[in-house]
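Student: Could you take me through this structure step by step, saying how each term is defined as you go?

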Amino acid sequence: MGRPLPLDRAATALRALPPSCGPVRLVAVDGHAGSGKSTFAGLLAEALGGAPVLRLDDLATHDELFSWTGRLLGQVIGPWSRGHGALYHPYDWELRRFGPPRGLPAAPLVLVEGVGAGRRALRPHLAGLLWMERAPRGSWMRGRRRDGPELAGFWDAWTAAESRHFADDPSRPFADTLIRESPEGYEWLPGPGATAGANHYLTQCHQA
């Protein structure tokens with residue numbers, strides 16, 4: 001069992017990572033839908049002094065829940081790799097169409113948050129992969145309660161699609177760090193894919 005790690009200390013550790021995508025340290029926050037990724041990423045971004053957060057919900061669509069890789073690589077990863085700012089078109093889930101372009105600068109550290117953020121096509125561009133350690137069924141039940149019965153049909157389709165995605169392209173085995181929510185905060189535990197990258201620095205934080 002780990003112990004909560006203050007987010008400011010975790011932020012210091014993540015800033016020490018080498019750039020992974022041009023000048024950007026791209027850190028993924030992955031996990032099952034309903035596992036708390038968005039809340040955690042928002043808090044971590046604040047601790048990082050307002051680091052940008054790229055939400056994968058802005059790249060997915062009703063018809064392409066997990067077929068957003070090309071958009072991410074072409075509109076965001078490619079420009080960053082060349083040292084340029086990115087420009088992408090966020091999807092409007094109510095209007096069911098892509099909206100006006102949104103800029104995303106090549107900041108020193110950017111969080112990419114969403115189910116599949118640690119997929120194999122993105123891992124070569126990541127400085128670190130954080131996995132929200134909550135079981136799928138518990139995560140999905142949490143998400144269903146949050147969204148209410150009117151979105152029950154969407155959740156039925158989503159859980160089937162997510163299960164297929166992770167069966168073919170799992171993220172957790174490659175995570176540097178497992179993030180476990182607790183009443184006292186967030187525990188940062190060594191992940192199954194821990195190397196001399198993010199987890200090394202986070203371990204140093206725990207020992208400080």
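Tutor: Helices (H or I, at least four residues) and strands (E, at least two) are taken as DSSP runs, numbered from the N terminus. The model is predicted, with local features needing pLDDT of at least 70 and side-chain atom pairs counting only at pLDDT 80 or more, while totals for chains, interfaces and linings use all residues. Residues are numbered from 1 along each chain as its sequence is written, and side-chain values use heavy atoms, without hydrogens and water.

Student: Which strands stand at the edges of the open sheet?

Tutor: Two strands pair if DSSP finds at least two bridges between them, and six strands form this sheet with mixed pairing, in the order S2-S7-S1-S8-S9-S10. A single partner strand is available to each edge strand, so one side of each lacks a neighbour in the sheet; these are S2 (53-55) and S10 (185-190).

Student: Which residue in S7 stands opposite Leu54?

Tutor: S2 and S7 (residues 109-113) pair in the parallel sense over three bridges. Opposite Leu54, in S7, stands Val112.

Student: Which helix gives the most to the lining of the largest pocket?

Tutor: A pocket is, on a 1 Å grid over the protein atoms alone, an open set of points where a 1.4 Å probe fits, with protein on both sides within 12 Å along at least five of seven lines, and lining residues have an atom within 4 Å of a point. At least two lining residues come from each of H2 (37-47), H4 (136-147) and H5 (152-168). With four residues, the helix that gives the most is H4.
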